[in-house]
Amino acid sequence: MNANRKILFIVALMLIGLAVATITNVALNFRDYGYNNAIEKSKMTAEIVRDGLTAHMVNGIMDKREFFLGNIANIKDVQSLWIVRADSVIKQYGEGMQNEKPRDAMDRKVLKEGITVREIREDPKNAVLRVTIPYTATAYGNPNCLTCHNVQEGDVLGAISMEFNINEIRQTGAMTIAKIFAINVIFIIIALWVTNHYFKPYMKLFDNLQNGIKRARTGDFSFRFTTSLKDAGSEVAEQMNTLFQKMEDTFGGIKHNLNTFASRSNICSSDPLSTAGVIIQELSDVYKFKKTIEHDANKDAVYDRFIYILKEKFHFHHFALYEVDKTTKERKLIHITDHKSFCLPSADKDTLECRAFRTASDVYSTDFPNICANCAEDKEYSCIPFNINDDLALILSYSAKDTETIEMMNLALPSIKNYFEAAKAVIESRTLMDKLRDSSLRDGATGLYNRRFLEEFIDKSSEQAARSNMSYAVLMIDIDYFKMINDTYGHDAGDIVIKSLSEILVHAIRKADLPVRYGGEEFLVLLHNTTPEGALSVAEKIRTAFNEKKFQFGNDTVQKTLSIGIAHFPSQADSIWKVIKFADIALYEGKHTGRNRVIEFEARMFSGGDQF
């Protein structure tokens, strides 16, 4: 039902209700008026009969009363009339005529109680008003009842009963109600016609607005509003058309711009406005994410943000994030949720075994059975490569127990890639900063860490070493008579010797140990958690390997030796810097005692007090 019909229906109901109320009120009032009129007529008739009978009694012609009463009974609407004598009158004057006896209970009640009783009897064809009025003795007036009757004042002398035909009153009321009903019907028809005539244009405008707004909810603002109205309705239509035109122009541009983003999002909706709202919200979230990571100190912090998004926003429960060095083909695990990889060990050792990295394309286990031979077969998985630059890439791997769950996770990939795109430039920038910082902390000739890095490392690790009861052995290494190489064969030859020693150091120690170019031909090695015997063994290994190394400079074959000093933290000092000083003292002890040897620090070698 449209709005116009609804309004007409409501108006019709209201008018019909008003008509019913009016007709009901008139019918009730008219009925009461007719009955009251008949009752007044009965009272007047009773007075006439009383006065007439009194006159007959005074004049001694009571035997003529029947004629009088017959004439009264012929009055219009009086259907029947009779009088009833009370017992006191019968006792004094006899029973009277035959029809002057009580006929029913109503007569007897009136004689007994001295009250007027009325009764209406109605059926479909006839309506009768029965009234019985008592006559009581009075001691005043003319004549005085007590002069003729042996009664007390207030005693009932008799009663008059009348039946009035009130069919005419009922018929008149019915005709009146019918006329009122007809008038109301005509009024309702006219009112509905007027309402429809004047309201219909507004209802059409309302329907027009409803259709336009319904289309606007789906993003279609091409609808234009029309109306035949010349008043405020016309202004409303014009203003709505202006608004829709602006919305169409504005939203058209927004929709075109958002389509680029929507193609990279998991948002799917038939309502462009809802789509735009969701896209704008996601753009806002991605923008906040980007602004946040731009202030993070390093790429590890950025990775932590990305992991947080995967957990909290996309509800990934089992996933791993890897960083891949494209140059060295090394894959570094950044995060895994439950410390259990679903990749075989071979993929962790050799990046080329990772299908996602090797093919630079997304890998979905739902595409083909056992699509990646290096992934576990007891679960569904997806592996997504993210390229950072020519040197760095990320790989996101996630899994689920069933196909339905992994498909739901895959739906989030477009949005995840939006976050990745936002983080890409920041990761690349932080990687470059790390490289620049790393280059400032490394020796350019050997690639080993330099003295500046050693200072930062010791400052950060000293307190941790003391809390964790870690130990270090410090090896101070110096090439014997190195200046002679530079003077005899040139600095290029000296660089060769330096690089050769750095390679020997790297191969002789563990990954947990730290080789440092301390300055010139002097090197330092921090051996982590090693015994004095182990430190001595490593030092001898380095010295022997270097001593066996042969350098060819022109026609000359040259061999060089090392002097190495060893000291231990914390057994020999409570500061790593002190231990470095003790190792340096042991080194020069070796040089002074013949070179090409390993010397362990002893307390007797140091006599300079405790000033460091």
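**Exercise 1. Which are the buried residues of α17?**

Solution. Begin with the helix itself, bearing in mind that this is a predicted model. Helix α17 covers residues 576-592, which makes 17 residues, and it reaches 24 Å from its first C-alpha to its last, close to the 24 Å expected at 1.5 Å a residue. Next, apply the cut-off, by which a residue is buried when its relative accessible area is under 20%. By this test α17 is mostly covered, with 12 of its 17 residues buried. The final step is to name them: I576, K578, V579, I580, F582, A583, D584, I585, A586, L587, G590 and K591.

**Exercise 2. Describe how helices α15 and α16 cross, and sort the residues of their contact.**

Solution. First locate the two helices: α15 spans residues 491-508 and α16 spans residues 532-548, and their axes come within 10 Å and cross at roughly 145 degrees. The handedness of this crossing is right-handed. Then list the residues that meet, which on the α15 side are V497, L501, I504, L505, H507 and A508, and on the α16 side V538, K541, I542, A545 and F546. Sorting the residues of this contact gives nine nonpolar, one polar and one charged.

**Exercise 3. Find the strands that pair with β4, and give a residue pair for each.**

Solution. Strand β4 comprises residues 156-165, and nine of its 10 residues are buried. Recall that strands of a sheet pair through backbone hydrogen bonds, either parallel or antiparallel. Strand β1, residues 78-85, runs antiparallel to β4 and is joined to it by seven bridges; here R85 stands opposite G158 in β4. Strand β3, residues 127-136, also pairs with β4 in the antiparallel sense, over nine bridges, and the bridge partner of L129 in β4 is F164.

**Exercise 4. Set out the order of the five-stranded open sheet, and place helices α8 and α11 on it.**

Solution. The order of the strands is β6-β5-β9-β8-β7, with antiparallel pairing. The edge strands are β6 (330-336) and β7 (363-364), each of which pairs on one side only. To look at one pairing in detail, take β5 (residues 319-325), which six bridges join to β6, and note that V324 has R331 in β6 as its bridge partner. Now add the helices: α8 (residues 299-312) lies across β5, β6, β8 (380-387) and β9 (392-400), running at about 150 degrees to β5. Helix α11 (residues 403-410), for its part, lies across β7, β8 and β9, and runs at about 145 degrees to β9.

Terms used
Residues numbered from 1 in each chain as written. Predicted model: local features only at pLDDT ≥ 70, side-chain atom pairs only at ≥ 80, totals over all residues. Heavy atoms only, no water. Axes fitted to C-alpha atoms, helices over the stretch in contact; angles between N-to-C directions. Helix = DSSP H or I, 4+ residues; strand = E, 2+ residues; numbered from the N terminus. Left-handed = near helix turned anticlockwise from the far one by under 90°. Contact = heavy atoms within 4.5 Å. Nonpolar A, V, L, I, M, F, W, Y, C, P; charged D, E, K, R; others polar. Buried < 20%, exposed > 50% of the residue type's maximum accessible area, 1.4 Å probe, protein only. Pairing = 2+ DSSP bridges. Expected span 1.5 Å × (residues − 1).
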